[in-house]
Amino acid sequence: MSETVIGARALLDLLGEWRGAGPSYEALADRLRLLVIDGRLPSGARLPAERELAADLGVSRTTVTAAYQRLREQRFAVSRQGSGTRTALPGAVRTPGAHPSGLLDFTKAALPAPSMMPDAVAEASTLLSPLLLDSGYDTLGLTVLREAVARRFTERGLPTDADQILVTVGAQQAIALLARALVSRGDRALIEAPTYPHAYDALGAAGARIVTVPVSTEGVDGWDVDVLESVMRRTSPAIAYLMPDFQNPTGRSMSAAVRRRVLAAAAAQGTIVVADETPAELDIDRPESFPPLATAAGGAHVITIGSASKTMWGGLRVGWIRAERAMIRRLHGVRATMDLGTPVLEQLVVARLFDRFDAVLAERRAALAAGREALEARLPAAFPDWTVPHVHGGLAVWAHIGAPVSSQLALAARSEGLLVTAGPRFGVDGAFERFLRLPLTSAPAQVDRAVAALQRAWPAASRHPLPEPGALAAVV
Ligand SMILES: Cc1ncc(COP(=O)(O)O)c(C=O)c1O
């Protein structure tokens, strides 16, 4: 059986500036715990030997021993004679002293199910009868759903046939499937920084070497297209995984000019563009709307990912890939190595929801607008030093929190009853300590509770800001 072994060097990168206010062993244990909680360190990974980590961190071995001991006490690590210390995720993740009433979860930028759901489920269950005569193993997708998805692409300006659609178990499977089918070990894969973390997890699992292009909440364009062009030229990535609309987590959308340049750069290198348009229809009031990126493909090869998770409901676990027919056939062949199909009843529910999609989207727009309004009102009042960029839709805001304390804040917030993902989870190299992603998908009352929890957590997190990377003097 394969196992994940974390080398001291790799762990050093993940730890970043981990030292905090209290004793070193506590700060080290706290940071390791956060890395396990937010998935940057997988559960079950073997940690470096104490002596080795101590040497690389420049701390005493006693500090590492005490930190590992603290992790074991908190059930975030287990040690066995002869096989070292491994990370673990306790069954019920509860910070001692945290809210007994349950934690408020701001790590998921997703809405509850729309009000149309019960009707769609009732209709779907009546449509199920004839399908019960079949085996139920559906690796391609029900025709009725593939037609509905194709119709929606066509309405949005990208003529599409049902046989250009493969239905998947959420967009996440679509990403993993494309990574497996299109990336060979050692190939370069271009992603945005920051990006949707499970995408780089999937690309990394497929053996890709990741290269990044910055996306910022500042500036006219968001995407640094000069960098993108030069990275593409230098590295000729096999694929570029991009979110052109309401990028997760920044909320930015590519302008028409950025779209043109990205596609031209990809065409020049033969890079396949994987456009994850999962958030694309979560429009609140975007001044300009765009057809799917593949519409303007020109000479570029664009594969589109979509999902019912954010517009309809995450619990349906239905997503899709739109591509040329030959590519769909190829992906269909690879899919059976991952699973044996998308649940049938859920597909019928999504097909029924597509029949009332305008109403579903209107409800989503209202919920997202309320979440945005609450965040935009409460956050600047509570944290005058933060910058909360205005977004026109999508799932989240990417707040600049002024100091490099996002991981400390996320940790302190847990003790105040709030789960929130620290900025570095959206990057690959420990960057983004100055950012926090806050979902637009929460009701105003939850935003109130979350902001109050962040306010209570802030003093502990910010009292001892971490040294600026530049402030660490070079050793000469
Ligand atoms: C950009 C993006 N892609 C994919 C996913 C995963 O979606 P699904 O629930 O359909 O697997 C998400 C979920 O947050 C997302 O934001």
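**Close-up views of the ligand site, the enclosed spaces and unusual backbone geometry**

**View 1. The residues around the ligand in the predicted model.** The ligand is surrounded by 14 residues, and the closest of them are Ala171, Asp276, Ser307, Ser309 and Lys310. Sorted by class, this shell is made up of five nonpolar, six polar and three charged residues. Helix 7, which spans residues 170-182, provides the largest share of the shell, namely three residues.

**View 2. Polar side-chain atoms beside oxygen atoms of the ligand.** In the side chain of Ser307, an N or O atom is 2.6 Å from an oxygen atom of the ligand, and for the side chain of Ser309 the corresponding separation from a ligand oxygen atom is 2.7 Å. Asn248 also takes part in this view, with a polar side-chain atom that lies 2.9 Å from an oxygen atom of the ligand. Taken alone, the ligand exposes 400 Å², of which the protein buries 93%.

**View 3. The largest pocket, which is the space taken by the ligand.** This pocket holds about 1000 Å³ of space, and its lining consists of 45 residues, with Thr107, Lys108, Ala109, Ala110 and Lys310 lying nearest its centre. Two or more lining residues come from each of strand 3 (104-105), helix 7, helix 8 (197-205), helix 13 (357-382) and helix 15 (444-462). Helix 7 contributes the most to the pocket lining, with four residues, and helix 7 is also the element with the largest share of the shell around the ligand. Lys310 likewise belongs to both descriptions, being one of the residues closest to the ligand and one of those nearest the centre of the largest pocket. By class, the lining of the pocket comprises 21 nonpolar, 15 polar and nine charged residues.

**View 4. The largest cavity and its lining.** Rolling a probe the size of a water molecule over the atoms shows where empty space is left. In this model the count comes to four cavities of 30 Å³ or more, and the largest cavity contains about 140 Å³ of space. Its lining is formed by 15 residues, among which Arg156, Glu277, Glu281, Ser307 and Trp320 lie nearest the centre of the cavity. Helix 6 (143-155) and strand 9 (301-307) each supply at least two residues of this lining, which by class has seven nonpolar, four polar and four charged residues. Ser307 therefore appears in two of these views, since this residue is listed among those nearest the centre of the largest cavity and also has a side-chain N or O atom 2.6 Å from an oxygen atom of the ligand.**View 5. Two cis peptide bonds, each ending at a proline in a loop.** Most residues other than glycine have a negative phi, and most peptide bonds are trans. The peptide bond from Ala193 to Pro194 is cis, with omega near 5 degrees, and Pro194 is placed in the loop between strand 5 (188-193) and helix 8. A second cis peptide bond joins Asn248 and Pro249, with omega at about 20 degrees, and Pro249 lies in the loop between strand 7 (239-242) and helix 10 (256-269). Asn248, on one side of this bond, is the residue with a polar side-chain atom 2.9 Å from an oxygen atom of the ligand.

**View 6. A positive phi at Arg75.** Although Arg75 is not a glycine, its phi is positive, at about 65 degrees. Arg75 is located in the loop between helix 4 (61-73) and strand 1 (77-80).

How values were computed
Residues numbered from 1 in each chain as written. Predicted model: local features only at pLDDT ≥ 70, side-chain atom pairs only at ≥ 80, totals over all residues. Heavy atoms only, no water. Near = heavy atom within 4 Å. Polar contact = N/O pair within 3.5 Å; in protein donor to acceptor, adjacent residues only side chain to side chain. Areas by Shrake-Rupley, 256 points an atom, 1.4 Å probe, with all protein chains shown as cover. 1 Å grid on protein atoms, 1.4 Å probe; cavity = no way out; pocket = protein on both sides within 12 Å on 5 of 7 lines; lining within 4 Å. Sits in = over half its atoms within 2 Å of the grid points. Nonpolar A, V, L, I, M, F, W, Y, C, P; charged D, E, K, R; others polar. Points joined across faces, edges and corners; volume = space filled by probe spheres on them.
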